[in-house]
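Reader: Before I plan anything at the bench, I would like to see how the labels attached to a model are justified. Could you take me through the reasoning, label by label?

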Amino acid sequence: MDNFMYNELEVASKPVVMQTARRFSEALAESPQFKAFEDAYQAFRQDDEVQSAYQALRSKQESLRMMMMLNAVSDDERQELAKLEKQFYGIETVQRYITAQEALISLCQEVGDILSDAIGLDFGSACRVGGCCG
Amino acid sequence: MKYKTDSLTPELRVASFDLAESLALSEAILGYTKAHQILMKDQQALQLIDEVNELQRKVYAGGSSSEDLEDDITRLRELQGLISANTAIQQQAIARETAAAFLREMNQEISQLIGVDFASLAIRPGAGC
């Protein structure tokens, strides 16, 4: 944008930007990846086996947190943790959720690239609490 | 095109580019663009920034003698003072924060509508401003 001229007539007002943001949100929510993620998430939340395995894994991770920081976890505990992880991640509903989440993230990253390229800032980084780095 | 959009439906592609265009034409982003262009043309400011970055890398990397380290830290403080007094750098920083605040507001609007924080999904690992 050499010799860029700040022309007030070209400025998009906030209501206009909001409107495009709403239309974008609708299009994103209608995308196959978003719908698949919503379905997978609902299934994840409603699956008793998943929730039980998740709680067991979280509980073990919490109980070992301090020992992990000190690198003082016994082999038996490590094996127990690995077993719980395998049980949890081996459930089809969990795999489906992870796959759907990854697809949605990939989609949103592509959109993020479009936004970032247009505005000259990394969109995702700029939106972090505390703003951009540096 | 520097990025791929294969995964986007036609509707989402259009909506994404429309959003990108309106963001780019918003007052906050236009202000940042202008301030950034001014900074990029200010050789003195750019040299200051380069020297600070280089010195910070050297200090954090370690390995210098304590005397050299002390000299480097003194110089770093001087440079940070010069940066604080440099209009182009300060104006760009202010404009960047204004732009970031605006983008956060837009992200909040989007995130409320879709039920998920959009920006956290859009960010690439290791991305910076």
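Author: A definition comes first: helices, of type H or I and at least four residues long, are DSSP runs numbered from the N terminus. With that in hand, A:Asn71 can be placed in the loop between α3 (48–69) and α4 (75–89) of chain A. Please keep in mind throughout that this is a predicted model.

Reader: What makes the phi of A:Asn71 worth noting?

Author: The phi of A:Asn71 is positive, at about 55°, although A:Asn71 is not a glycine.

Reader: Why is A:Asn71 called exposed?

Author: The label exposed is given over 50% relative accessible area, and A:Asn71 has 62%, so A:Asn71 is exposed.

Reader: How many helices and how many strands are there in chain A?

Author: Chain A has six helices and zero strands, and from the N terminus on its elements run α-α-α-α-α-α. Of its 134 residues, 37% count as buried. Among the contacts in chain A with a separation of 6 or more, 61% come from residues 24 or more positions apart.

Reader: How does the reach of helix α5 of chain A compare with what is expected at 1.5 Å a residue?

Author: Helix α5 (residues 92–119) of chain A has 28 residues, and from its first C-alpha to its last it reaches 40 Å, close to the 40 Å expected. After α5(A) comes A:Gly120, with a positive phi near 75°.

Reader: Why is the pair A:Glu30 and A:Lys35 called a salt bridge?

Author: The rule asks for a side-chain nitrogen of Lys or Arg within 4 Å of a carboxyl oxygen of Asp or Glu. The side chains of A:Glu30 and A:Lys35 meet at 3.6 Å, N to O, so the pair counts as a salt bridge. As general background, side chains of opposite charge can pair when their charged atoms come close. Over all chains, the structure holds eleven salt bridges.

Reader: Are A:Glu30 and A:Lys35 buried, partly exposed or exposed?

Author: A:Glu30 has 55% relative accessibility and therefore counts as exposed, whereas A:Lys35, with a relative accessible area of 37%, is partly exposed.

Reader: What makes B:Glu51 and B:Arg75 a salt bridge, and which parts of the chain does the pair link?

Author: The closest N and O atoms of B:Glu51 and B:Arg75 are 3.0 Å apart, which satisfies the limit of 4 Å. The pair links distant parts of the chain, since B:Glu51 is in helix α3 (residues 43–61) of chain B and B:Arg75 is in helix α4 (residues 66–85) of chain B, 24 residues apart. B:Glu51 has a relative accessible area of 34% and is partly exposed, and B:Arg75 at 29% also counts as partly exposed. A network of salt bridges links B:Glu51, B:Arg75 and B:Glu78.

Reader: How do you know that B:Asp72 is buried, and which residue does B:Asp72 form a salt bridge with?

Author: Buried means under 20% relative accessible area, and B:Asp72 is at 9%, so B:Asp72 counts as buried. B:Asp72 forms a salt bridge with B:Lys58, with the closest N and O atoms 3.1 Å apart. This pair, too, links distant parts of the chain, B:Lys58 being in helix α3 and B:Asp72 in helix α4 of chain B, 14 residues apart. B:Lys58 is partly exposed, with a relative accessible area of 38%.

Reader: What makes B:Glu105 and A:Lys14 a salt bridge?

Author: The closest N and O atoms of B:Glu105 and A:Lys14 are 2.4 Å apart, which is within 4 Å, so the pair meets the rule. Across the interface of chain B and chain A the rule finds three salt bridges and eleven residue pairs in polar contact. On the side of chain B that touches chain A, the elements that give two or more residues are α1 (10–24), α2 (27–40), α5 (87–114) and α6 (118–122) of chain B. The largest share of that side, 14 residues, comes from α5(B), and the residues of that side divide into 30 nonpolar, ten polar and 13 charged.

Reader: How many residues are in contact between chain B and chain A, and what area do the two chains bury?

Author: In chain B, 53 residues are in contact with 50 residues of chain A. The two chains bury about 5000 Å² between them, 70% of it on carbon and sulfur atoms.

Terms used:
Residues are numbered from 1 along each chain as its sequence is written. Chains are lettered from A and ligands numbered from 1 in the order in which they are written. This is a predicted model: local features need pLDDT of at least 70, side-chain atom pairs count only at pLDDT 80 or more; totals for chains, interfaces and linings use all residues. Side-chain values use heavy atoms; hydrogens and water are left out. Buried means under 20% relative accessible area, exposed over 50%, partly exposed in between (1.4 Å probe, protein chains only). Contact means heavy atoms within 4.5 Å. Buried area is the accessible area (1.4 Å probe) that two parts lose on being put together, summed over both. A polar contact is a pair of N or O atoms within 3.5 Å; within protein, one must be able to donate a hydrogen and the other to accept it, and residues adjacent in sequence count only if both atoms are side-chain atoms. Ala, Val, Leu, Ile, Met, Phe, Trp, Tyr, Cys and Pro count as nonpolar, Asp, Glu, Lys and Arg as charged, and the others, Gly among them, as polar. The expected span of a helix is 1.5 Å times one less than its number of residues.
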